[in-house]
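Visitor: I should like a close look at a single part of this model, followed from one end to the other. Please also place that part within the whole.

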Amino acid sequence: MADEIVLLSSWPSMFGMRVRVALAEKGLKYEYREEVLRDKSPLLLMMNPVHKKIPVLIHNGKPISESMIIVEYIDETRRLYDIGKKIIWSTKGEEQETGKKEFIECLKLLEGEPGDNPYFGGENFGFVDVSLVTFSCWFHTYESYGNFSIEAKCPKLVAWTKRFLEKESVSSSLADPHKIHDFASGVRKRLGIE
């Protein structure tokens, strides 16, 4: 997890405190915006138009609501991001192998979450699905530099990803995996890794 993080909350909210603890534990910098619940800000109403509740985490302009979902998002997003870095940016074989093993373990854990449901939230496409499907753009790059197949290790997760790519909202929003690979390759060359 990187880039712009904004938390909309209210100081006495135990649910907001939960999110602040998770952000602090992960060492993530964020902008905190205090909400006065009797006079909700236009930003809160725009980011959570249905429930109009706090906390709301805004990550690069995308809102995530419900404190437990936010905490899970922070935990899994940061963990996948950190582990993925070991696979792509490391030149040390042992560190890369450790990263690959941890990454696959994390993906297997995620693979079991939806159970027989089509989505992480049950029958409906939700924020956790949106949060996780973006990692699929990087799968080709992880596989290429880590020399493994995610589909061989986590076939249900890859099937879940392919199902999402059938949704116009997803397929039109995600970056091309080969362009991601080219981007990572360029960064590796600039860093002297390749």
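Guide: Contact, or touching, here means heavy atoms within 4.5 Å. The model is predicted, so to speak of local features requires pLDDT of at least 70 and side-chain atom pairs count only at pLDDT 80 or more, whereas totals for chains, interfaces and linings use all residues. Residues are numbered from 1 along each chain as its sequence is written, and side-chain values use heavy atoms, with hydrogens and water left out.

The part chosen is helix α3, residues 67-89. Helices (H or I, at least four residues) and strands (E, at least two) are DSSP runs, numbered from the N terminus. Helix α3 has 23 residues, and from its first C-alpha to its last it reaches 32 Å. That span is close to the expected 33 Å, the expectation being 1.5 Å times one less than the number of residues.

Burial along the helix may be stated next. A residue is called buried under 20% relative accessible area, exposed over 50%, and partly exposed in between (1.4 Å probe, protein chains only). The buried residues of α3 include Ile 70, Ile 74, Leu 80, Ile 83, Ile 87 and Ile 88. Glu 76 and Arg 78 also appear among the buried residues of α3, as do Tyr 73, Thr 77 and Gly 84.

At the start of the range stands Ser 67, which belongs to helix α3. Its relative accessible area is 6%, and Ser 67 is therefore buried. Leaving aside residues up to four places away in sequence, Ser 67 touches Phe 15, Arg 18, Val 19 and Pro 55. By contrast, Ser 173, 106 residues from Ser 67 along the chain, has its C-alpha atom 26 Å from that of Ser 67.

Pro 55, one of those partners, deserves attention. Pro 55 lies in the loop between α2 (42-47) and β3 (56-59), and a cis peptide bond with omega of about -5 degrees joins it to Ile 54. In the loop between α2 and β3 one also finds Lys 52, whose phi is near 55 degrees, a positive value in a residue other than glycine. With 36% relative accessibility, Lys 52 counts as partly exposed. Asn 60, in the loop between β3 and β4 (62-65), likewise has a positive phi near 55 degrees; at a relative accessible area of 35%, Asn 60 is partly exposed. For context, most residues other than glycine have a negative phi, and most peptide bonds are trans.

Ile 54 and Pro 55 are also among the residues that Ser 9 touches. Ser 9 is part of strand β1 (residues 5-9) and, at 0% relative accessibility, counts as buried. Its further partners, again beyond four places in sequence, are Gly 16, Arg 20, Tyr 32, Arg 33, Glu 34 and Glu 35. Ser 9 and Lys 92, 83 residues apart in sequence, are 42 Å apart in space, C-alpha to C-alpha.

Towards the other end of the helix, the link is with Arg 188. Arg 188 lies in helix α10 (residues 177-191), and its 8% relative accessibility makes it buried. Its contacts, with residues up to four places away not counted, are Ile 88, Trp 89, Ser 90, Tyr 145, Ile 193 and Glu 194. Of these, Ile 88 is listed with the buried residues of α3.

The surroundings remain to be described. The chain has 10 helices and four strands, running β-α-β-α-β-β-α-α-α-α-α-α-α-α from the N terminus on. Its radius of gyration, taken over C-alpha atoms, is 18 Å, close to the 16 Å that the globule rule gives for 194 residues, so the chain is as compact as a globular protein of that length; the rule is 2.2 Å times the number of residues to the power 0.38. Along the principal axes, the C-alpha atoms fill a box of roughly 55 × 35 × 25 Å. Of the 194 residues, 42% are buried. Among contacts with a separation of 6 or more, 63% join residues 24 or more positions apart.
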